[in-house]
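Welcome, and thanks for taking a look at this one with us. Below is a short tour of a few residues and strands, arranged by topic so you can follow along in your viewer.

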Amino acid sequence: FPMMRDVDELVRATRYIATRQEYKTMRDARDPKRALDDFWLGLSEGPQGARQLISTYYGRVRDANVHFSSMKEGWCTDRGMVYILFGHADRIRRDRAGETWIYGEEGDVNALVFRFTAVARGDNFNAHELERYPGFRSPWEAMVSTWRRGKVRKR
C-alpha cells in the first residue's frame, strides 16, 4: 500500500466498474496488460480520455489505500469503494460511532448520504462498515454508468 504497480492488482481494482464478463476477460487474458488497456480505451473516447479516466480512478485507489487501509487494502474497504466511485464527499461528519459522508447540499432531499459504522475488530482500528439500504442502488448504478461512459468528474 498505497501504490499499485502489478497488472493483476490494477485489474482487481476495476471490479467496481467492470462488468463480470470484462473482469473475467481481463483476469483470464494471456496478456492482462493489453486487456486492461483495452478495457480503459473502451470506456473513453480515445487515448487521452483513457489516460484521464485511469489517472482519476487509480488516483482514488491510491488515496483510498492511504486513508482507509488497516488489515486490508483501503480500496477493498467500504469507505474505499464509495470513495473510488463517488470521489471526496462534500461534507464528512465524524463521531464515536463512525462517519457520515454527504454528497450534495446537506439537508437537501437530493443529497446522497453514506453512513459508515466504526467496527471494533481486534487491532483493526480503521474498520468501518457501510450501512447499506436499497436506496443506494439507483445512485450507485448511475455512478457506475457515468464511469463507463467516460464522463466521471474529478472530486
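Where is the place of T14? T14 sits in the loop that runs between α1 (7-12) and α2 (20-28). Please keep in mind that this is a predicted model. From T14 we go on to the aromatic pairs, a buried arginine and the paired strands.

**T14 and its surroundings**

- T14 counts as buried because its relative accessibility is 0%, and the cut-off for buried is under 20%.
- Leaving out residues up to four places away in sequence, T14 touches Y23, M26, L36, F39, W40, Y57 and Y58.
- Two of these contacts, W40 and Y57, come back in the next group.

**Aromatic pairs**

- How many aromatic pairs does a search of the whole structure find? The search finds 15.
- W40 and Y57 form one tilted aromatic pair, with 5.3 Å from centre to centre and 55 degrees between the planes.
- This pair links distant parts of the chain: W40 belongs to helix α3 (residues 32-43) and Y57 to helix α4, 17 residues apart.
- W40 is buried because its relative accessibility is 1%, and Y57 is buried as well, with a relative accessible area of 0%.
- W101 and F116 form an aromatic pair that is also tilted, at 4.7 Å centre to centre and with 55 degrees between the planes.
- Here too the pair links distant parts of the chain, with W101 in strand β2 and F116 in strand β3, 15 residues apart.
- Are W101 and F116 buried or exposed? W101 is buried, with a relative accessible area of 2%, and F116 counts as buried at 0% relative accessibility.
- Ring pairs also link F86, Y103, F114, Y133, F136 and W140 into a cluster.

**A buried arginine**

- R60 is found in helix α4, which covers residues 47-68; Y57 lies in helix α4 too.
- R60 is buried yet has no salt bridge.
- Why does R60 have no salt bridge? The nearest side chain of opposite charge, D63, is 7.0 Å away, whereas a salt bridge has to be within 4 Å, so D63 does not qualify as a partner.
- What does the side chain of R60 reach instead? It reaches the backbone oxygen of L85, at 3.3 Å.

**Strands β2, β3 and β4**

- Strand β2 (residues 98-103) and strand β3 (residues 112-118) run antiparallel and are joined by 6 bridges.
- Within this pairing, I102 stands opposite V113 in β3.
- β3 also pairs with strand β4 (residues 128-130) in the antiparallel sense, over 3 bridges.
- Which residue in β4 does F116 stand opposite? F116 stands opposite L130, and F116 is also the ring partner of W101.

**A118 in strand β3**

- A118 lies in strand β3.
- A118 is partly exposed because its relative accessible area is 36%, which falls between the 20% and 50% cut-offs.
- A118 and H128 are 10 residues apart along the chain, yet their C-alpha atoms are separated by 4.4 Å.
- Not counting residues up to four places away in sequence, A118 touches R96, A97, G98, A127 and H128.

Note on methods. Residues numbered from 1 in each chain as written. Predicted model: local features only at pLDDT ≥ 70, side-chain atom pairs only at ≥ 80, totals over all residues. Heavy atoms only, no water. Helix = DSSP H or I, 4+ residues; strand = E, 2+ residues; numbered from the N terminus. Buried < 20%, exposed > 50% of the residue type's maximum accessible area, 1.4 Å probe, protein only. Lys, Arg positive; Asp, Glu negative; His and termini not counted. Polar contact = N/O pair within 3.5 Å; in protein donor to acceptor, adjacent residues only side chain to side chain. Contact = heavy atoms within 4.5 Å. Pairing = 2+ DSSP bridges. Phe/Tyr/Trp six-rings, centres within 6.5 Å; stacked < 30°, edge-to-face > 60°.
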